[in-house]
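Please open the model in your viewer and keep the sequence panel beside it, since this tour moves from one selection to the next.

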Amino acid sequence: VGIEAGIYADPVFLKLAAFNGNGNAAMGIDQQKSFAGWGGLNFTDFTIGGSGYYLTPSATLGEGYQLRFGSFGWARVWRFVVLGEYDLGYNALDYAATNVDRMIAIHGSMEFDCGNNVYIRLQREFLNPSLAAGDESVRNVGGVRFFPVQNLQVSLDYQLIEPVVGNSVSGFVADTHVFF
């Protein structure tokens, strides 16, 4: 059960949400409340903004809080769109928050509009889910996205995931998204 409210009075956008847990500890869900927000400024050729998320600790399950926050922005120059995002997070692994994992994620991408609803995309991401040495990885993605009809996206990407420790993983990914 939750509530979400937002306002989109150009150029400002803001959305806030709050949710309750259902109290079923047997399913791993406690009375943990979660709060999220997202907002920024949107103009014709660029957008800047930020987001945040907080999950309250659970005494019943002995779990600590989760906190995520970050910033993002994009800009359009001619047929190119460049996007960047930086996110930081904390996971308290116990209720007393004596053991906290930190994480970081950085995303950058560039997309070229080929016309006729076809886009070429290159992206690079860095992820370190625990800020521990050897836990970080880089993901490189290149591909094409197109919209054969309105609100339907089809993508074909090649991705290469390169962890600092362990073997690289690569392959093609095909997917579709329907927007409502």
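What follows is a walk through the chain, one selection at a time.

**The whole chain**

Begin with everything shown as a cartoon, and keep in mind that this is a predicted model. The chain has eleven strands and zero helices, so that reading from the N terminus on, the elements run β-β-β-β-β-β-β-β-β-β-β. If you show the C-alpha atoms alone, they fill a box of roughly 55 × 45 × 25 Å, taken along the principal axes. Of the 180 residues in the chain, 23% are buried.

**Strands β3, β4 and β5**

Now select residues 34–42, which form strand β3, together with residues 46–55, which form strand β4; the two run antiparallel and are joined by nine bridges. The connection between β3 and β4 is a hairpin of three residues, and Asn 42 can be found opposite Thr 47 of β4. Next, add residues 66–77, which make up strand β5, and you will see a strand that runs antiparallel to β4 and is joined to it by ten bridges. Within this second pairing, look for Gly 50, which stands opposite Ser 71 in β5.

**A nonpolar patch on the surface**

Switch to a surface view and select Ile 7, Val 12, Leu 14, Leu 16, Leu 41, Phe 43, Phe 46 and Ile 48, which make a nonpolar surface patch of about 670 Å². Which strand gives the most to the nonpolar patch? Strand β2 does, with three residues, while β2 (12–19) and β4 each supply at least two. One of the patch residues, Val 12, lies in strand β2 and counts as partly exposed because its relative accessibility is 39%.

Stay in this region and step back along the sequence to Pro 11, which is placed in the loop between β1 (2–7) and β2. The peptide bond leading from Asp 10 to Pro 11 is cis, and its omega is near 5°.

**Strands β7, β8 and β9**

Select residues 100–115, which are strand β7, and add β8; these two pair in the antiparallel sense over eleven bridges. Gly 108 has Arg 124 in β8 as its bridge partner. Two residues lie between the strands in the hairpin of β7 and β8, and Asn 116, found in the loop between them, deserves a close look. Its phi is near 55°, which is a positive value in a residue other than glycine. Is Asn 116 buried or exposed? With a relative accessible area of 77%, Asn 116 is exposed.

Add β9 to the selection, and you will find that β8 and β9 pair in the antiparallel sense over ten bridges, with Ile 120 standing opposite Val 144 in β9. Then move on to the loop between β9 and β10 (152–163), where Asn 151 is found. Asn 151 is not a glycine, yet it has a positive phi of about 70°, and at 40% relative accessibility it counts as partly exposed.

**Aromatic rings**

Finally, show the side chains of the aromatic residues, among which the count comes to eleven aromatic pairs. Select Tyr 119 and Phe 147, whose ring centres are 6.1 Å apart and whose planes stand at 90°, so the pair is edge-to-face. Because Tyr 119 lies in strand β8 (residues 118–128) and Phe 147 in strand β9 (residues 137–149), the pair ties together parts that are 28 residues apart in sequence. Tyr 119 counts as buried at 19% relative accessibility, where the limit for buried is under 20%, whereas Phe 147 counts as partly exposed at 27%.

Keep Phe 147 and add Phe 179: the ring centres are 6.5 Å apart and the planes are at 35°, so this pair is tilted. Phe 179 lies in the segment after β11 (169–178) and Phe 147 in strand β9, so the parts tied together here are 32 residues apart in sequence. Phe 179 is itself partly exposed, with a relative accessible area of 40%.

Two more selections complete the tour. Ring pairs link Phe 13, Trp 38 and Phe 72 into a cluster, and at Trp 78 you can look for the charged end of Arg 79, which sits over the ring, 5.8 Å from its centre.

Technical notes: Residues numbered from 1 in each chain as written. Predicted model: local features only at pLDDT ≥ 70, side-chain atom pairs only at ≥ 80, totals over all residues. Heavy atoms only, no water. Pairing = 2+ DSSP bridges. Helix = DSSP H or I, 4+ residues; strand = E, 2+ residues; numbered from the N terminus. Patch = residues over 30% accessible without salt bridge, like charges linked within 9 Å, V, L, I, M, F, W, Y side chains within 5 Å. Areas by Shrake-Rupley, 256 points an atom, 1.4 Å probe, with all protein chains shown as cover. Salt bridge = Lys/Arg side-chain N within 4 Å of Asp/Glu carboxyl O. Buried < 20%, exposed > 50% of the residue type's maximum accessible area, 1.4 Å probe, protein only. Phe/Tyr/Trp six-rings, centres within 6.5 Å; stacked < 30°, edge-to-face > 60°. Lys NZ or Arg CZ within 6 Å of the ring centre and 35° of its normal.
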